[in-house]
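Student: Pick one spot in this model and take me through it closely. After that, please connect it to the rest of the fold, with the cut-offs behind any term you use.

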Amino acid sequence: MTCPIDHTGPAAITLDPFVTDLDAESAALRAAGPLVRVVLPGGVAVYAVTHHAEARKLLTDPRVVKDIDVWGAWQRGGIPLDWPLIGLANPGRSMLTVDGDEHRRLRGLVAQALTVRRVEKLRAGIEALTTGMLDRLAALPAGGAVDLKAEFAYPLPMNVISELMGVDAADHPRLKALFEKFFSTQTLPEEVPQMMADLGALFSRIVESKRENPGDDLTSALIAASEDGDHLTTEEITNTLQLMVAAGHETTISLIVNVVVALETHPDQRALVLAGEVPWENVIEETLRWSTPTSHVLIRFATEDIEVGDRILPKGEGLIVSFGALGRDEAQHGETAGEFDVTRTPNRHISFGHGPHVCPGAALSRLEALVALPALYARFPGLCLAVAREELRNKPVLTQNDLFDLPVRLA
């Protein structure tokens, strides 16, 4: 006898806009089933996939697309343009928001620039940047607390992605302020349109500057490709630049921060790593799984009814991927999925995504962490948290597993 498919599932789970306890929220999502109705900040209802196996299937299912015009709520005018998360749901035309041949066309040049081999050529520059930042940390007055996020975890990836994309360091303060509003669930609706306009204007200015004065960077390469017949529009180039800068620094910030927090709250694991008994690659992969930098990814849309386990993802509905829930799925990672274990093997997570839209910058993020973290602990082996773990404050960001700051003592 075939069991009937559940079209309704459990009651909707409202995601906490302040992200006060991401671990508990992720556990509740997993327990509710592989597909769960959730309410995003601002009252927008979508579905979340919360189990590893079902997520892998949906991320390769051609019936799940990035075209926002498929979204019934969008068609009905139910998504206001001042919704705080509008920039994540409708960021403009780029490789993030198209599928099929158009996606392959837009992604092609970026993917070529970020192959593992090409990324490895960036190692020397990342090492030099890391050394300079560690020198500045070492020059700070001894004994006091240092915000490791502000002084190390943020500037390293921001400088790396800026050099890759051709963004001037003078733009960093403005970008930081705008991205704070872009990702936050607490941005006031009346501030959203101006914030989006300001981001668009800033990146448009950078693109125009590169047209006039091209350099050895990916933005100049995208412009040159458009002039050589690849038909990349100015909108596509500008949106790709914004996407790469946003994703290219936020994910790596969270990865570096989360590794430090995980090690400092698991002294037995920390001892194994610093004794050289476990490679740093293991630490990075286990942190990507256990405390994934990306908590939820917005947003895909169903072109028809899709079976997800014993549930249905209805046609025209939005879907988010809850990577925070996936990473601790016992069906994938065993009974110890909830434990941080740097010796875990195998460790087959999908924290950088899966399928056609897998993160093109995964190799770069891994390399930055692999350079930065061993160097940090080699320079400051006595590093420790300056506050208790429960005093660390999550940022009100739905998409990133991030902290306001990371106070540490270096010795």
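**A close look at serine 291**

Tutor: Let's go with serine 291, which counts as buried because its relative accessibility is 13%. Buried here means under 20% relative accessible area, exposed means over 50%, and partly exposed is anything in between, using a 1.4 Å probe and protein chains only. Before going on, keep in mind that this is a predicted model, where local features need pLDDT of at least 70 and side-chain atom pairs count only at pLDDT 80 or more, while totals for chains, interfaces and linings use all residues. Residues are numbered from 1 along each chain as its sequence is written, and side-chain values use heavy atoms, with hydrogens and water left out.

Where does serine 291 sit? You'll find it in the loop between helix 15 (280-290) and strand 6. Helices (H or I, at least four residues) and strands (E, at least two) are DSSP runs, numbered from the N terminus. Leaving aside residues up to four places away in sequence, serine 291 touches Asn258, Glu286 and Asn401, where contact means heavy atoms within 4.5 Å. With asparagine 401 there is also a side-chain to side-chain polar contact at 3.1 Å. That term covers a pair of N or O atoms within 3.5 Å; within protein, one must be able to donate a hydrogen and the other to accept it, and residues adjacent in sequence count only if both atoms are side-chain atoms.

Now step back into helix 15, where isoleucine 284 has its place. Isoleucine 284 is buried, as its relative accessible area is 2%. Its contacts, again skipping residues up to four places away in sequence, are Leu255, Arg366, Ala369, Leu370 and Leu373. Leucine 373 is 89 residues away along the chain, yet its C-alpha and that of isoleucine 284 are separated by 9.2 Å.

Go the other way, into strand 6 (residues 297-302), and you reach isoleucine 299. The peptide bond joining leucine 298 to isoleucine 299 is cis, with omega about -10°. There's another cis bond between threonine 345 and proline 346, with omega about -5°; proline 346 belongs to the loop between helix 17 (330-333) and helix 18 (362-379). While we're on backbone oddities, valine 19 isn't a glycine but has a positive phi of about 50°. Valine 19 lies in the loop between strand 1 (13-14) and helix 1 (22-31), and counts as buried because its relative accessibility is 9%.

Leucine 298 also leads us to the core, as one of the residues touched by tryptophan 83; others include Leu40, Trp71 and Val192. In the largest nonpolar core, which has 110 residues, the members touching the most others are Val38, Leu40, Trp71, Trp83 and Leu406. Helix 13 (residues 234-264) gives the largest share of this core, 15 residues. Another core lies apart from it, with 16 residues, among them Leu58, Val64, Ile306 and Phe323. A nonpolar core is a set of buried Ala, Val, Leu, Ile, Met, Phe, Trp, Tyr and Cys residues joined through side-chain atoms within 4.5 Å. In soluble globular proteins, nonpolar side chains tend to be buried together.

What about charges? The structure holds 25 salt bridges, each a side-chain nitrogen of Lys or Arg within 4 Å of a carboxyl oxygen of Asp or Glu. In one of them, aspartate 61 pairs with arginine 63 at 2.8 Å between the closest N and O atoms. Aspartate 61 is buried at 13% relative accessibility, whereas arginine 63 is partly exposed at 28%. Arginine 123 and glutamate 120 form another, at 2.4 Å from N to O; arginine 123 is partly exposed at 25%, and glutamate 120 is partly exposed at 37%. Lysine 210 and aspartate 217 meet at 3.0 Å, and both are buried. Shared partners link Arg93, Glu102, Arg105 and Glu236 into one salt-bridge network.

One last stop is helix 5 (residues 100-113), which has a kink of about 40° centred on arginine 107. The bend at a residue is the angle between axes fitted to the seven residues ending there and the seven starting there. His103, Leu106, Arg107, Val110 and Ala113 are buried in helix 5. An α-helix has 3.6 residues a turn, so residues three or four places apart point the same way.
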